[in-house]
Amino acid sequence: MKIAVIGTGYVGLVTATCFAESGNDVIGIDKDERKIAILHDNRLPIYEPGLLELVTRNRREGRLTFTTDFATGVRAAQFIFIAVGTPQDADGDADLSSIWAVTASLASVLKDVPAGPPGSKIVVMKSTVPVGTNRGITDRLAAAGCGHIDVASNPEFLKEGAALDDFMKPDRVVVGVRKPEVTEALRELYGPFLRTEHPFLSMTPESAEMTKYAANAMLATKISFINETANLCDRLGADINDVRRGIGHDARIGFQFLFPGPGYGGSCFPKDIRAIIGMGRKNGLKLNLVESVDAVNEAQKQVLFQKIQKHYGNLAGKTLAIWGLAFKPRTDDIRDAPALALIDALLAKGAILRVHDPEAMANVREIYKDRLIYCDRPYGAVESADGLVIVTEWQEFRHPDFEVIRRLLKEPVIFDGRNIYEPKTMESSGFTYYGIGRGQRS
Ligand code: NAD
């Protein structure tokens with residue numbers, strides 16, 4: 001099958017590569033010439049485990065190409081996926097300017113393409129977009145003489161850091177369609193990824209669009225819930241890790257997304273939560289629960305900072321090592337990362353920061369330039385620091401040599417924003433240890 005993917009960011013590049021990997025003929029299109037040049041140079045503009053190998057193989061075998069030439073890429077494709085960014089605008093709503101720009105470009109190219117049977121040319125929306133966007137694209141294309149083009153919604157649920165696995169073995173594929181022929185075309189396209197009987201769920205575009213926001217709102221709710229509960233544990237001397245186990249074994253609750261931390265971040269949850277609040281507001285419905293989820297998260301981004309501030313009193317001139325800058329492990333993505341909020345708060349108090357992240361350093365350097373000390377190795381960051389702060393739980397931080405850390409630090413204190421260490425072990429190894437809700441009254 002011939003596929004075009006517009007936008008070769010985290011989602012578009014994974015989508016293009018995975019479809020090529022299942023034998024399709026795929027062209028990835030981006031307006032960013034730098035990104036396309038990097039891809040032509042057999043490198044990746046992002047870090048995602050396993051992706052470079054797949055991109056390289058599929059390019060070599062001729063199934064995957066990249067271009068900035070929109071018209072050429074789009075004209076021949078049966079499926080035209082849109083995977084451009086939908087960031088937050090000034091009001092907190094989804095900024096759809098890239099979506100409308102792509103729609104206009106599509107209209108100008110596709111109006112000359114002769115009409116085929118239903119399902120022969122389908123624009124598929126992979127970006128996360130507010131309910132009604134599919135209708136808006138359909139109407140704009142029709143007004144431009146492209147009424148023969150079908151428009152489907154196909155929200156993406158992949159997680160950065162595990163994106164290939166999530167795409168190739170999805171829990172479910174959701175499509176929002178208006179014609180049975182479009183459902184069948186998409187079902188066939190996704191067939192290779194659904195061989196283990198995971199469901200292919202066909203619904204209206206409006207329901208598909210809503211499904212993505214509902215999924216993210218639910219997951220963010222779990223995170224804010226456990227964070228708030230952890231903060232109460234801190235006040236009462238209970239250990240959130242025991243509480244988490246105590247509730248997680250209840251099958252109605254489960255364990256996933258019940259890890260307390262420095263607040264959720266990343267390119268999706270914060271903006272999608274604000275966008276769903278905006279959808280409610282515009283339709284006369286105040287979403288009290290989701291608004292609270294957002295407020296709890298904003299406050300949570302300060303919890304680690306408050307623990308640090310309380311420990312030292314005056315932070316001016318104190319040196320802190322920070323391990324983990326990406327919003328989660330196994331990605332270089334720092335969009336809305338909790339580490340950035342912490343860095344801003346610490347710098348504002350005059351702290352000196354020695355930072356380390358296995359993949360995200362270049363992105364962080366672009367923002368902070370010479371205001372931080374960038375350390376290639378985790379132990380390098382700890383050298384002569386007054387304390388160590390864990391913000392992102394990369395695997396390699398889980399079992400460090402604590403003896404070395406203790407020797408390198410000026411004062412043996414660890415602020416563990418991800419609860420990856422055990423308070424008792426840390427204390428018996430001579431550290432002053434702060435976790436999130438670990439039963440040490442604050
Ligand atoms: P991204 O910023 O990494 O990539 C977007 C790409 O689109 C960029 O490379 C940009 O240059 C390109 N682009 C923008 N306008 C264009 C145009 N007119 N023509 C061609 N290319 C254009 O974004 P992302 O993280 O991949 O997210 C894309 C969408 O997928 C968003 O709506 C996001 O909410 C959603 N999503 C993201 C994730 C995730 O984990 N990143 C997961 C699920 C859904």
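This tour moves through a predicted model, from its domains to its ligand and then to a few individual residues and one helix.

**The two domains**

Begin by colouring the chain according to its domain assignment, which gives domain 1 as residues 2-201 and domain 2 as residues 204-442. If you place a marker at the C-alpha centre of each, the markers for domain 1 and domain 2 will lie 32 Å apart. The contact between these domains takes 34 residues from domain 1 and 30 residues from domain 2.

**The ligand and its shell**

Next, select the ligand together with the residues that surround it, of which there are 25, the closest being Asp30, Lys35, Thr86, Glu160 and Lys271. With the domain colours still on, you can see that this shell draws at least three residues from each of domain 1 and domain 2. Recoloured by residue class, the shell divides into 8 nonpolar, 8 polar and 9 charged residues.

Now show the polar atoms and look for three distances. In the side chain of Asp30, an N or O atom is 2.6 Å from an oxygen atom of the ligand. At Val11 the partner belongs to the backbone, where an N or O atom lies 2.8 Å from a ligand oxygen, and at Tyr10 a polar backbone atom is 3.1 Å from an oxygen atom of the ligand. On its own the ligand has 830 Å² of accessible area, and the protein covers 89% of that. To see which elements give two or more residues to the shell, select helix 1 (10-21) and helix 5 (97-110).

**Helix 6 and what covers it**

Keep helix 5 displayed and add helix 6, residues 133-143, in which Thr133, Asn134, Gly136, Ile137, Thr138 and Leu141 are buried. Which elements are included in what covers these buried residues of helix 6? Besides helix 5, they include strand 5 (122-125), strand 6 (150-153), strand 7 (173-176) and helix 9 (205-236). Before leaving this helix, step just past its end to Gly145, which takes a positive phi of about 85°.

**Val173 in strand 7**

From the cover of helix 6, go on to strand 7 and select Val173, which is found there. Is Val173 buried or exposed? Its relative accessible area is 4%, and therefore Val173 is buried, since that label applies under 20%. Leaving out residues up to four places away in sequence, the residues that Val173 touches are Asn154, Tyr190, Leu194, Pro199, Phe200 and Leu201. A C-alpha to C-alpha distance drawn from Val173 to His198 reads 8.0 Å, with their positions 25 residues apart along the chain.

**The loop holding Glu197 and His198**

Follow that distance to His198, in the loop between helix 8 (180-190) and strand 8 (200-203). His198 counts as partly exposed because its relative accessibility is 32%. Sequence neighbours up to four places away aside, His198 touches Pro170 and Asp171, and a polar atom of the His198 side chain lies 3.5 Å from the backbone oxygen of Asp171. For a longer view, draw the C-alpha distance from His198 to Gly50, which is 23 Å for a pair 148 residues apart in sequence.

Then select Glu197, also found in the loop between helix 8 and strand 8. Glu197 is exposed, because its relative accessibility is 69% and that label applies over 50%. Check its backbone as well: Glu197 is not a glycine, yet it has a positive phi of about 70°. Most residues other than glycine have a negative phi.

**Two aspartates in domain 2**

A positive phi in a residue other than glycine can also be found at Asp336, where the value is near 55°. Asp336 has its place in the loop between strand 9 (319-323) and helix 14 (338-348), and at 38% relative accessibility it counts as partly exposed.

End the tour at Asp386, in the loop between helix 16 (378-382) and strand 12 (387-390). Asp386 counts as buried because its relative accessibility is 8%. To see the residues that Asp386 touches, apart from those up to four places away in sequence, display Tyr312, Lys318, Thr319, Leu409, Lys410, Glu411 and Val413.

Technical notes: Residues numbered from 1 in each chain as written. Predicted model: local features only at pLDDT ≥ 70, side-chain atom pairs only at ≥ 80, totals over all residues. Heavy atoms only, no water. Near = heavy atom within 4 Å. Polar contact = N/O pair within 3.5 Å; in protein donor to acceptor, adjacent residues only side chain to side chain. Areas by Shrake-Rupley, 256 points an atom, 1.4 Å probe, with all protein chains shown as cover. Helix = DSSP H or I, 4+ residues; strand = E, 2+ residues; numbered from the N terminus. Nonpolar A, V, L, I, M, F, W, Y, C, P; charged D, E, K, R; others polar. Domains from an automatic or database assignment. Buried < 20%, exposed > 50% of the residue type's maximum accessible area, 1.4 Å probe, protein only. Contact = heavy atoms within 4.5 Å.
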